[in-house]
Each structure stands twice: as C-alpha cells, then as structure tokens.
Amino acid sequence: MDIQFILDTLRAVKLELFRHRVAAALIFMIVTAGVLILGYVTPKSYTSEAVLYADQSNILQPLLRGQAEVTQLDRINEAREMIQSRSFLEQVAVDTGLLLGNETDVERNNAIKRLRTELSLRVSNRNFLELNYTSGDPNQSFQVLSAALNRFVERTVRKKRSESQGAFEFIDSQVKSYQRQLEEAEQRLKEFKASNQDGTEGSVQARIENLRREIENLKLEIQQTESEVKLTRAQLNEEEPVRRIVVDAGKSSAERRLAALRQELDSLLLKYHERHPDVVSVKDQIADLERQVSGQSDSDRDGAVTEVMENPVYENLKIQLADSTTQLAVQKNRLASLERLLEEAFQRSQRVAENQAQLSELTRDYDVTRGVYEDMLQRREKARLSMTLDVQGEGVSYKIQEPASYPTHWDGLQLYQVGLAGPFLGSATVLGLLALLVMFDQRVRSPRALQLALPETIPVLTTIPHYRSTWKDRLLRKDVLAILFVLILFMLGYLSVLLFSVMGITPDQLINKITELTGLGGG
C-alpha cells in the first residue's frame, strides 16, 4: 500500500468531513441515539433468584441409631422432583395468575410446560439448591419465584409432619411387636423352669462330689469291716466253744506217800529234834519222793476231778463276728445305694447340662428382646417429641437460605453498557461513509492519485496546492459553533441517560419523574 496515497485519502476524508459537517453531525447523533434506543427497546428478560438449604438427615436416623440402618434420603433430588412436578407447578401458576381456571387443557399444559422451562434449578455445595425464574416482567419473575418458595415450604412442612407421624407409628408398631415377643419369651422361660427342677449345674456337681466322697469312705469302711470279719473268724476258729477246768488233779502213790511222810515228820518234830534219826530218815524219804513226784506226769495221777463250762471268749468272738458280718452287709447295701445315686446324679448332670444350654438360649432371647423393647420404648418417646416439634413447625428439612430477589436489572448487557458503544458506532459510521465517498468519488483529490492513474510515460509536471485556512478561522465560523453546541447538548443528554441507567433509573422512570415535576402528566 502506498503510504502517500493513504495520507492523501485521510486528508481528503477530513476535507469531506468539514464540507459535510452538518450531515456528519446528524448521522453521528442519529446512530448514537439509535444504539441507545435499540438497547432500550430490545425485549428484556428478568431473573429472580433464591437459594434453598436441604437438611440431609432423616427423622428415623437419630431415632433408630444403633438399632437399624436407615436409607439415606437425597433431599436435593427430592426437592427437585417436587418442584418439577405437575401439581406443584400448576398450584404456583394458579397462585401467580398464570392460570385463571378457564383455560383449555392444551393451554394449561403449555403454561405448565413453559413454567417448568423458565424455572431452573441448580445444585451447589451438595446441600444448596439454587432456583432461578426468568420472565419479561420483573414483577412476574419475583411473584412466581416467591410463590414457588412459599408452596415448597408449605408442602415440605406438611410432608415433614406426615413423615414424623409415620416414624412414630412405625416405632409404635415395633414396640408392640417387641412387647408380644417379650411376653412369649417370658412365658417360654417360665414354662421351662417349671418343667425342669433338676437344679443348677453347680448343685449337681456338689451332689456328685459328696456321693463320690461317701462311696470312697464307705469302701474303706467295708475293707476295714472285711478285715475285722476275717480276723474274728480266724480267732473264733482258734477258740473252743467250751472250757474244761480241773477241780482236783488227783494224786499219785508217791504224792500220797509224800503227804503221809510230811504228816509223820510234823509229828516227829513235835517229839524229837532235827537230828533225831527218825526225823532224818523221814526227811530223806521225803526228798526222794519229791524227786520222784517232780518227774511224774498227769497220767501217773489218779482220782482227778474236771468241770466243763462255756468259753466266754468264743461267745464274744461269735457275737463280734455276727455284728461285723451284719455291718458288712449293711455297708455293701449302702454302697450299692450310693452307686445308684451317683449314676442318677450323672444322668441328672447330663440333663442339667442339656437344660442349661436351652435355658441359656431362652434367657438370651429374653434378655435381647427385653433390651430392644426397653430401648424402643425410649425411642418411641423421642419420636413422639419429634412429631410434636414438627406439628409446632420445628425441625424442618428445608430452609430458605436466600429468599426470592426482586430483579432490578434485566439480564445481559445493561443500558449504560450498550450506550457506551453508541458514540463509537456513530463516529465509525460517519468516518466509514466519508471513506466510501472518497473511495468511490471520481474526482482526483491528490497528485499521487493522478500519477497512479496516468501511464508512466506521461509525467505530472506540477500541482497547484490547496488553499488552507487556519483552524481558528474554520472553527470560529458560526455554523461550526452551532454544530458543536448541538453536539455538546446531545452528548450531555446522552451521558445523563447513561448515568441514570448506572443509578438504576430507567428512561421510563426518568420520563415519569420529569412529568411529575413539570405537572404535564396530570392533564
């Protein structure tokens, strides 16, 4: 691109701008104002926003904690399904006047479908549900979203009460069920104890130990008695039933002669002294006879007298043997009885062990059922309290974190943002039209254009420069001053509209305010 040609073109545009300054000013103002008007009259949409908080806990979860697993509820999904339901949207449409009651089914379905589309839901931070409703009327947007929130809270409160009532009825039914189970378990335990009186395992074991100890002691006593019987029988065999007592053993002839000699000696000693020959002879005879008697046996005697009498030792031993024999028989009978009792104790112990297992099972069932029943009683009272709280409006599952907001601005670019582009579009439009005028005008506006248009063999000898007046002369002309004044007034009004737009005042509100101040609106 030729730089000189571009500079000449820009210079020509500037000259055309000055030449067509009135038209350029009008085009600038029309385009600038048109952008602002277009930005204002374009259909707008207003969005009202609200935030719901969903409590994910379940009414049964704290009531059945530690007893049963409760299915976790997705409150957010539950709220979404409720808000998107036909009955809910139809109720909201009736509350806000979108449905008057005289519509056909097709119109009613279309209204509900449109309301479902315009009411958007978005989950944020798992427990928060953002609700947006977009409409061309800000009042309608606010009223529809407010009605949706009110209806939702009303329904959730009613549902919460129903849920609490259901939880209480469920736990109450469980309490009654456990009460019947507890009564049945108690009856089974009572019947079992009544039909089994064998005692405890400890008492049976003590009985067995006592019997064993008695049997061992009795066996020792039997052994002792048997020894006594054996010894007594042996002694009895050694004793004679009767005893023979020799009253007079009798005398032999030598003994009788000795006795006669001793009487004769006594008679001689009465008459003679010791040394008398008769006395000495008798003494010698006595000595011989004594030697003879000492060597005699009982058979040499005759005339002996013997007495027969009962043997008391034999009788005592016989009595003792009879007593011991009787005692031994008694002990053996007692041993047999104890062994039979021991066998019965073992059988009883086996029954007690079997009964103990069954008793433990019945007792365990009874204890578990009673523990659950008592715990369910406490939980039923908690459920009753929760139901009372829900009836009084406490313990809700959803809360309005942020109520419906009234839309003070329409969606998208605001009027002041669109208006800022107006002067630039107006200036660009003017400059673009002038550039098109210069580009498509057939007049030669620069020497360089003439050189480019002529063949190279034809040179341009000279050019006559354009007369240039000073900028002060051009600026101080009356029409130029008038145009600048109009442009200044236009821009002041334009910027004022943008400033009020930034302040949230729409052109309609501004016109109404001006009308009220001037009193023109009252007529």
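Biologist: Which residues does UniProt list for "coiled-coil region"?
Modeller: This is a predicted model. The annotation itself comes from an unreviewed UniProt entry. That entry lists residues 168–271 and 314–355.

Biologist: How far apart are the end C-alpha atoms of residues 168–271?
Modeller: The span is 82% helix and 7% strand. UniProt lists these residues under "coiled-coil region". Their end C-alpha atoms are separated by 149 Å.

Biologist: What share of residues 314–355 is helix?
Modeller: UniProt also puts this span under "coiled-coil region". The end C-alpha atoms lie 60 Å apart. Strand makes up 0% of the span, and helix makes up 100%.

Biologist: Is the protein a compact globule or more spread out?
Modeller: The protein holds 16 helices and six strands. For 523 residues the globule rule gives 24 Å, but the radius of gyration is 73 Å. That is well over the rule, so the protein is more spread out than a compact globule.

Biologist: What does the C-alpha trace span along its principal axes?
Modeller: The radius of gyration, at 73 Å, is well over the globule value. The spans along the principal axes add detail to that figure. They are about 235 × 75 × 45 Å.

Biologist: What percentage of the residues is buried?
Modeller: Buried here means under 20% relative accessible area. The accessible surface of the protein is about 34300 Å², with 55% of it belonging to carbon and sulfur atoms. Of the 523 residues, the buried share is 30%.

Biologist: What share of the contacts with a separation of 6 or more joins residues 24 or more positions apart?
Modeller: One contact pair illustrates the range: R262 touches E290. The share asked for is counted over the whole protein. It is 84%.

Biologist: How far apart are the mean positions of the positive and negative charges?
Modeller: The protein has 65 positive and 72 negative charges. Each set has its own mean position. The two means are separated by 14 Å.

Biologist: Which spans does UniProt annotate as "transmembrane region"?
Modeller: The source is again an unreviewed entry. Among the annotated spans, residues 21–41 are 100% helix, with end C-alpha atoms 29 Å apart. Residues 480–503 are 96% helix, with ends 34 Å apart. The full list is 21–41, 415–440 and 480–503.

Biologist: Is L38 buried or exposed?
Modeller: L38 sits in helix α2, residues 21–41. UniProt annotates those residues as "transmembrane region". The relative accessible area of L38 is 58%, and the cut-off for exposed is over 50%. L38 is therefore exposed.

Biologist: Which residues does R262 touch, leaving out those up to four places away in sequence?
Modeller: R262 belongs to helix α9, residues 253–271. At 40% relative accessibility R262 is partly exposed. K283 is 21 residues away along the chain, with its C-alpha atom 8.3 Å from that of R262. The residues touched are I286 and E290.

Biologist: Where is N196 found?
Modeller: N196 has 25% relative accessibility and counts as partly exposed. S360 is 164 residues away along the chain, yet the C-alpha atoms are separated by 13 Å. N196 is in the loop between α7 (138–195) and α8 (201–238).

Biologist: How far apart in space are N512 and E315, C-alpha to C-alpha?
Modeller: N512 lies in helix α16, residues 507–518. N512 is partly exposed at 45% relative accessible area. In sequence N512 and E315 are 197 residues apart. In space the separation is 156 Å.

Conventions. Residues are numbered from 1 along each chain as its sequence is written. This is a predicted model: local features need pLDDT of at least 70, side-chain atom pairs count only at pLDDT 80 or more; totals for chains, interfaces and linings use all residues. Side-chain values use heavy atoms; hydrogens and water are left out. Helices (H or I, at least four residues) and strands (E, at least two) are DSSP runs, numbered from the N terminus. The radius of gyration is taken over C-alpha atoms; the globule rule is 2.2 Å times the number of residues to the power 0.38. Buried means under 20% relative accessible area, exposed over 50%, partly exposed in between (1.4 Å probe, protein chains only). Contact means heavy atoms within 4.5 Å. Accessible areas come from the Shrake-Rupley method with a 1.4 Å probe; for residues, only the protein chains shown count as cover. Lys and Arg count as positive and Asp and Glu as negative; His and the chain ends are not counted. The place of a charge is taken as NZ of Lys, CZ of Arg, CG of Asp or CD of Glu. UniProt positions are given in the numbering used here, feature names are shortened, and annotations may be inferred rather than shown by experiment.
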